[in-house]
Amino acid sequence: MVLLSACASNPPVVVAHKPVVVPPMLKPAPPTWSESNLLSFHDQWKGTPYRLGGLSRKGIDCSGFVYLAYLDIVGDKLPRTVNAQRILGKEVPRNQLIIGDLVFFKTGRTTRHVGIYMGNDRFLHASTKKGVKISSLNNIYWKPRFWFAKRLNYSSSQQNMSIASLVDYAQHQD
């Protein structure tokens, strides 16, 4: 009888609360190139002297400067040398440059230089004579030495997967 009464009694009422919906974590938008973030980066590095192979405020070279700017502003790593950086991305005509494109120059028979386009025919770079500075693509020195520009649009995972092959390729180019 006890068993039957236990089954026949009213069970306690259990109130099911509405499930709490937690919105998915939104990934913050990756930083984008802009004149203001490039100017801010320039302010941090302005006047840093040029030093081949350098990667600090005591001295930096052009590809090291681009490497650090890309890491700081975009959050992705690039290869460390001009030769390895120049084979990344998609080539773009000079008249279609946008802020953040890499601009490359032939400064000697085998010497190359790289900077970051800032808009209005200006680029940010580590100059061998004046250190980190902003220059004009139309400058009497830079205009005839302009080689090409590249736009980097793909993710770091795509870049990182091929860094070793890019470096190997770059080492076997001119």
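A nonpolar core is a set of buried Ala, Val, Leu, Ile, Met, Phe, Trp, Tyr and Cys residues joined through side-chain atoms within 4.5 Å. Keep that in mind, as the largest such core here has 27 residues. What you're looking at is a predicted model, with an average pLDDT of 82 over the protein. Let's start with how far to trust it, then go from the core out to a helix and the strands.

**How far to trust it**
- A pLDDT of at least 70 is reached by 70% of the residues.
- At the start of the chain, residues 1-8 stay under 50 in pLDDT, and the model gives them 0 contacts beyond four places in sequence.
- Residues 155-162 also stay under 50, though this stretch has 9 contacts beyond four places in sequence.
- Where pLDDT is low, don't read the predicted coordinates in detail.

**The cores**
- Within the 27-residue core, the residues with the most contacts are Phe65, Leu78 and Leu102.
- Two or more residues each come from α2 (35-45), α3 (62-73), β4, β5 (112-119) and β6.
- Helix α3 gives the largest share, with 8 residues.
- Take Leu102 as a sample: leaving out residues up to four places away in sequence, Leu102 touches Val66, Leu78, Val114, Gly115, Ile116, Phe148, Ala149, Lys150 and Leu152.
- Apart from the largest core there is another one, made of 10 residues, including Val92, Leu97, Val103 and Phe123.

**Helix α2, a helix with two sides**
- Asn37, Leu38, Phe41, His42 and Trp45 are the buried part of the story in α2.
- These residues lie on the same side of α2, because they cover an arc of only 145° around the axis.
- The pattern fits a general rule: an α-helix has 3.6 residues a turn, so residues three or four places apart point the same way.
- Over on the other side of α2, you'll find Ser36 and Asp43 exposed.
- What do the buried residues of α2 pack against? Their partners are β1 (55-56), β2 (59-60), α3, β5, β6 and β7.
- Just past the end of α2, Gly47 has a positive phi of about 80°.

**A closer look at His42**
- His42 sits in helix α2, and its relative accessibility is 9%, so it counts as buried (the cut-off is under 20%).
- Beyond its neighbours within four places in sequence, His42 is in contact with Leu124, Val132, Lys133 and Ile134.

**Strands β6 and β7**
- Strands β6 (residues 122-127) and β7 (residues 131-136) pair in the antiparallel sense, over 6 bridges.
- Together β6 and β7 make a hairpin, with 3 residues between them.
- One bridge to look for joins His125 to Lys133 in β7.

**Strand β8 and its partners**
- Why is strand β8 (residues 146-151) largely enclosed by the rest of the structure? Because 5 of its 6 residues are buried.
- Strand β3 (residues 90-92) pairs with β8 in the antiparallel sense, over 3 bridges.
- Strand β4 (residues 102-106) pairs with β8 as well, again in the antiparallel sense, over 4 bridges.
- Lys150 in β8 is a handy landmark: Glu91 stands opposite Lys150, and Leu102 has Lys150 as its bridge partner.
- Leu102 ties two topics together, as Leu102 is among the residues with the most contacts inside the largest core and also bridges to β8.

Notes:
Residues numbered from 1 in each chain as written. Heavy atoms only, no water. Buried < 20%, exposed > 50% of the residue type's maximum accessible area, 1.4 Å probe, protein only. Pairing = 2+ DSSP bridges. pLDDT = per-residue confidence, 0-100. Contact = heavy atoms within 4.5 Å. Arc of directions from axis to C-beta.
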